[in-house]
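Student: I'd like a close look at one strand, and then at what else is worth finding in the model. Please keep it brisk.

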Amino acid sequence: MRILGVSFDYHDAAAALVVDGIPVAAAQEERFTRVKHDRRLPENAARWCLSRAGLAFGDLDAVVFYEKPFRKLSRILSNSLETFPRSASLFRRAAGAWLDERLWVGPRLERAFGLAPGKVLFCEHHLSHAASAFFASPFDEAAVLVIDGVGEWATASVGRGRRGADGGWELTLDAEMRYPHSLGLLYSAFTAYLGFEVNEGEYKVMGLAPYGKPRFADEIRVMLQPFGDGSFRLDLDWFAFHRDPTRAFAARFESAFGPARVPDAGDPAEDARLCDVAASVQLVCEELVLAMAREAARRTGSKNICLAGGVALNAVANGRLLREGLFARVWIQPAAGDAGGALGAALFAAHALGRPPRWEMTRADLGPEHSPAAAAAALTRAGLTFEELPDDAALSGRVAELLAAGRVVGWHQGRCEWGPRALGGRSILADPRPAQMKHALNEKIKFRELFRPFAPSAAAESLGEWFDVGAGPTPEPYRFMLATAPVKAERRAGLGAVTHVDGSARVQSVEKELSPLYHRLISDFGALTGTPVVVNTSFNLKGEAMVETPDDAVATFLASGMDALAVGPLLVTRRPDGPLPGRKPWAASATPSDGWGW
């Protein structure tokens, strides 16, 4: 059975192709259009997915949209009536978008892809998230927890996946929190208050939090009424997202926490008050995630848990969940946000319509790859001098030498990653030892805020020597850079570029069997330096999508201060003559997603 899952219209549009229960291709639309968080119907991603499998749209058994538009519209109408007349502008904006496009997802997909009537199916938003986690996990049974801003109505869901009586696999969601009571929207309100873009800057709040102390945590706890089952209700007098499409928080925020930060107004890490607000909301977020996880454990009795939804990308909360030991094993979908809903919708349909085999997601490289000939053509067009290395050992050895000498290298290898994390396919790499490397990368390479930390990739067999990831097998989230861990105290001075101010790092564990070239590079660097760890940040500049093609890699290399570029077996070690570029004009971001989840 051939099923295409799609997500679009809100943020991070994507497509994923599942053939007989096995995902063969998945990609976000932004990788093709270069529009960060592109929310438009993912025609490019869908066409690439089918071309990867040698299929045409007529060969598909179904195309599955990741949520149910009519159910979502019912929530918008109900909320608008409850908050009228203050919600009049929200209703006008929503009505225009829905009557114009969003209600007609089926016909739009039929037109775009030439589908026969009846081929388009719909899956509930949180079921799509849940399926993206459980049906990609290594578990025969597990609790499932979905936490995000909002789907149709649900903002958090608890359920269970397991083998059914008929030999197939069952996935059910048994309890949910409903809009407007939402952890994702609570966190987004503080993201806006701190001057960052909602649905983009939440990870900046997470990165800012360690610079502060959670002295406002009690004030934030006043905003919500918790219950014994892990759910809670928000005091809506603190918020505006449910009635105003342009504002997330009410005036009471500034009375309690002081003036909101103006976007791009200086370095927030230099303002202790803002840092303390970030630390406070991060602590409350962790407490609420743990409360929901405890309820999932109580309801299911399972020792395993699968997580998805945008909040599941909060690596600090994930790290705490691992350390609390509520579950023996934790698995998180690498594309936990709305893009991952495309994969989940396809997987859910595959298991609902048939009895396919289970598939375990051990790698996240589901996107496009490019030949050495395509790489050579891109480098030649740009007038770059390059050499072709004869094999992986030669390439790895040369790049390791460059990194050990303090060079910053663009690394474009194999298939593109699925999800927001660079995992060694589309990465910028550097030496993790000198603390000044963090400043240089932020200022001269990525052109972004100086407070933001960088993540390390470490050889799996050495991981426990450098990072406190617990005893026993390495938890799966570290494979996909989805959780933070303390850097061991005696190693922090030697990992100055990747140790955050609280002594933590969002580390990736790289296994030889799963990522042989990247593992070889890290090992070669370790042989030269005694440190089998490298800085790994996504191959993009501020405001841009991660690079996908060799041409994207070349353009980003030339627009930054990177010293070298490796695209497949081809290595560029000499930049064009002339001064290094200054800050470049950023690619336009997609239109901000409308009104906090609708």
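Which residue stands opposite threonine 537 in S20?

Tutor: Isoleucine 428 does. A word on the source: this is a predicted model, in which local features need pLDDT of at least 70 and side-chain atom pairs count only at pLDDT 80 or more, while totals for chains, interfaces and linings use all residues. Residues are numbered from 1 along each chain as its sequence is written, and side-chain values use heavy atoms, with hydrogens and water left out.

Now the strand itself. S20 covers residues 533-538. Labels of this kind come from DSSP runs, numbered from the N terminus: helices are H or I runs of at least four residues, and strands are E runs of at least two. S20 has two partners to look at. The strand S15 (residues 426-430) pairs with S20 over four bridges, in the antiparallel sense. To count as paired, two strands need at least two bridges found by DSSP. Strand S16 (residues 455-459) also pairs with S20 in the antiparallel sense, over four bridges. Here alanine 455 stands opposite asparagine 536 in S20.

Next, check how covered S20 is. Six of its six residues are buried. Buried means under 20% relative accessible area, exposed means over 50%, and partly exposed lies in between (1.4 Å probe, protein chains only). Look at the two faces in turn. Val533, Val535 and Thr537 are buried on one side. Val534, Asn536 and Ser538 are buried on the other, so both faces of S20 are covered.

Helix H7 is another covered element. It spans residues 183-193, and ten of its eleven residues are buried, so the rest of the structure largely encloses it. The buried ones include Leu185, Leu186, Tyr187, Phe190 and Tyr193. Small residues are not left out of the list: Gly184, Ser188 and Ala189 in H7 are buried too. At the start of H7, a side-chain oxygen of serine 182 reaches to within 3.3 Å of the backbone nitrogen of glycine 184. Just after H7, glycine 195 takes a positive phi of about 90°.

Step back along the chain. The loop between S8 and H7 holds proline 180. A cis peptide bond joins this proline to tyrosine 179, with omega about 10°. Most residues other than glycine have a negative phi, and most peptide bonds are trans.

S8 leads us to a sheet. Five strands form this open sheet, in the order S8-S7-S6-S11-S12, and the pairing is mixed. Its edge strands are S8 (169-178) and S12 (329-332), each pairing on one side only. S7 (residues 154-163) runs antiparallel to S8, joined by nine bridges. One example is glycine 159, whose bridge partner in S8 is leucine 173.

There is also an open sheet of five strands in the order S3-S2-S1-S4-S5, with mixed pairing. S3 (22-28) and S5 (120-122) are its edge strands, and each pairs on one side only. Strand S2 (residues 14-19) is joined to S3 by six bridges, and the two run antiparallel. Within that pair, valine 18 has proline 23 in S3 as its bridge partner.

Now the loops. Aspartate 9 is found between strand S1 (2-7) and S2. Its phi is positive, about 85°, although it is not a glycine. Buried or exposed: which is aspartate 9? It counts as buried, because its relative accessibility is 6%.

Compare aspartate 264, in the loop between helix H10 (252-257) and helix H11 (272-300). Aspartate 264 has a positive phi of about 65° although it is not a glycine. This aspartate is exposed, with a relative accessible area of 64%.

One last loop. Glycine 472 sits between helix H17 (463-466) and strand S17 (485-486). At a relative accessible area of 57%, glycine 472 is exposed. Its C-alpha atom is 25 Å from that of arginine 421, and the two residues are 51 apart along the chain.

To finish, return to S20. Find S15 and S16, each with four antiparallel bridges to this strand. Then trace the two faces of S20, both of them covered.

Note on methods: A polar contact is a pair of N or O atoms within 3.5 Å; within protein, one must be able to donate a hydrogen and the other to accept it, and residues adjacent in sequence count only if both atoms are side-chain atoms.
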